[in-house]
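Hi everyone, thanks for coming. I have a structure to walk you through this morning, so let me put it on the screen and we'll go round it together.

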Amino acid sequence: MKKIAVFTSGGDSPGMNACIRAVVRTAIYHKIEVYGIRRGYEGMIEGDIQLMDSRSVANIIQRGGTILKTARSKEFMTPEGRKKAAKNLKKLGIEGLVCIGGNGSFTGALKLYEEFGIRCIGAPGTIDNDLYGTDYTIGFDTAVNTALDAIDRIRDTADSHNRTFFVEVMGRDAGFIALQVALSGGAEAVFVPEVVNRKDWIDQLFSKKRRKKSFSIVIVAEGEEEGGAMVLAQKVKEKYPDIDPRVTILGHIQRGGTPSSSDRVLATRMGSAAVESLLAGETNKAVGIINEKICLTPFEEAIFKRKDIPEDLLRLIKILNV
Ligand code: F6P
């Protein structure tokens, strides 16, 4: 393999730039030409592809977002779109790809291999940490710390007013951010998509005899079953009108910002391992780090297997709220 390309796809996450830097410099170290594809599969279809060198990734390790930009491409989901993309790659002699992204991005890469034989290794980049085959994904640690910083501030005002706050964090399908933030932020309770059919939660948390604290913080993952923090707060207010809860939705601030040291190291290790795996002849696998060791998981598993939420952390939240 003499030429490879790197791209970011799907939602951005802090640490993607550190990963791009590692891909480019590892490729150059191994005397391989490396191209950058802008705006993910959109740029692949449009031929927005440029040769990169060591300097093109200078001074980006500390930057959030992605210098290659990102997109979710509808056209790539069609056979015609993929045909255009493959043609552009072949024209430049690109034989292998490093895809930094999540489930949807890996699904696209798998199709490209099945239809055109273009090899790909994935690096899991998403703040949600919901990819099977790695303990942590690129961006999760930073997103959690950003949310935690906000929650610590909310705590001050909650305490001053003896108020209940419902704080909504990202996580359309998974509660990893919510759980981590709830535990480290000393929350009263956490609502995650993985736990369904919660009965009597309002009374369990807010009945007069249960109210032990002067204020409470409840963390809600956006994808939880009842519809998010606004809905939960409204239900509490209807049942207990003496409680006047406030809602804060943290939203996209969790996706931006300077990556933490852990995310920079994780992204660097994954980016470098992705290139070396391609050179070793691997394809259709996602790089991961499990128990501090680099490993590879077939795309099919990374895409379809569900990563379980740590039950012991859920239990700890209950224990710590005696
Ligand atoms: O990257 C995943 C995620 O952070 C989800 O938790 C969230 O629902 C989604 O991105 C929102 O992304 P966008 O606004 O880019 O569609």
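**Two domains and what joins them**

Let's start where the two domains meet: 14 residues of domain 1 are in contact with eleven residues of domain 2. Please keep in mind throughout that this is a predicted model. As for which part is which, domain 1 is made of 3–139 + 259–304, while domain 2 covers 141–255. Their C-alpha centres lie 34 Å apart.

How much area is buried between domain 1 and domain 2? The figure is about 1,000 Å², and carbon and sulfur atoms give 48% of that. On the domain 1 side, the residues that lose the most area to domain 2 are Asp12, Ile127 and Asp128, which together account for 42% of what that side buries.

Now the polar side of this meeting place. Between domain 1 and domain 2 there are eight residue pairs in polar contact, and the salt-bridge count is one. If you'd like a salt bridge to click on, try Arg255 and Asp12, whose side chains meet at 2.8 Å, N to O. You'll remember Asp12 from a moment ago, among the residues of domain 1 that lose the most area to domain 2. And what kinds of residue does domain 1 use to touch domain 2? That side divides into three nonpolar, six polar and five charged residues.

**Salt bridges along the chain**

Let's widen the view. Side chains of opposite charge can pair when their charged atoms come close. How many salt bridges does the structure hold? The total is 16, and I've picked a few to show you.

One of them joins Lys3 to Glu33, with 3.8 Å between the closest N and O atoms. This pair links distant parts of the chain: Lys3 sits in strand β1 (residues 3–8) and Glu33 in strand β2 (residues 33–37), 30 residues apart. Both ends are partly exposed, Lys3 at a relative accessible area of 24% and Glu33 at 34%.

Next, find Arg38, which forms a salt bridge with Asp48, the closest N and O atoms being 3.6 Å apart. Here Arg38 belongs to the loop between β2 and α2 (40–46), and Asp48 to the loop between α2 and β3 (49–52), ten residues away. Arg38 counts as partly exposed, at 29% relative accessibility. There is a wider group here, too: Arg38, Arg39, Glu46 and Asp48 are linked in a network of salt bridges.

Further along, Glu282 pairs with Lys285, and their closest N and O atoms are 2.8 Å apart. Glu282 is partly exposed at 25% relative accessibility, and so is Lys285 at 24%.

**A buried threonine**

While we're in that stretch, look at Thr283, in the loop between α9 (261–279) and β10 (285–290). Is Thr283 buried or exposed? It counts as buried, because its relative accessibility is 16% and the cut-off for buried is under 20%. Its side chain makes a polar contact with the side chain of Asn284, at 3.2 Å. Leaving aside neighbours within four places in sequence, Thr283 is in contact with Tyr113, Arg119, Cys120 and Ile121.

**Helix α6**

Over to domain 2 now, for a helix. In α6 (residues 176–184), the buried residues are Phe176, Ile177, Ala178, Leu179, Val181 and Ala182. What do they pack against? The partners are α5 (140–161), β6 (164–169), β7 (189–191), β8 (216–221) and α11 (311–319). Just after the helix, Gly186 takes a positive phi of about 65°.

**Two backbone oddities**

I'll finish with the backbone. Most residues other than glycine have a negative phi, and most peptide bonds are trans. Which residues here have a positive phi without being glycine? Two to look at are Asp200, at about 55°, and Glu292, at about 75°.

Asp200 is placed in the loop between β7 and α7 (201–206), and is exposed, with a relative accessible area of 54%. Glu292 is found in the loop between β10 and β11 (293–298) and counts as exposed as well, at 59% relative accessibility.

That's my tour. Thanks for listening, and I'm happy to go back to any part of it on the screen.

Note on methods: Residues are numbered from 1 along each chain as its sequence is written. This is a predicted model: local features need pLDDT of at least 70, side-chain atom pairs count only at pLDDT 80 or more; totals for chains, interfaces and linings use all residues. Side-chain values use heavy atoms; hydrogens and water are left out. A salt bridge is a side-chain nitrogen of Lys or Arg within 4 Å of a carboxyl oxygen of Asp or Glu. Helices (H or I, at least four residues) and strands (E, at least two) are DSSP runs, numbered from the N terminus. Buried means under 20% relative accessible area, exposed over 50%, partly exposed in between (1.4 Å probe, protein chains only). Domain bounds come from an automatic or database domain assignment. Contact means heavy atoms within 4.5 Å. Buried area is the accessible area (1.4 Å probe) that two parts lose on being put together, summed over both. A polar contact is a pair of N or O atoms within 3.5 Å; within protein, one must be able to donate a hydrogen and the other to accept it, and residues adjacent in sequence count only if both atoms are side-chain atoms. Ala, Val, Leu, Ile, Met, Phe, Trp, Tyr, Cys and Pro count as nonpolar, Asp, Glu, Lys and Arg as charged, and the others, Gly among them, as polar.
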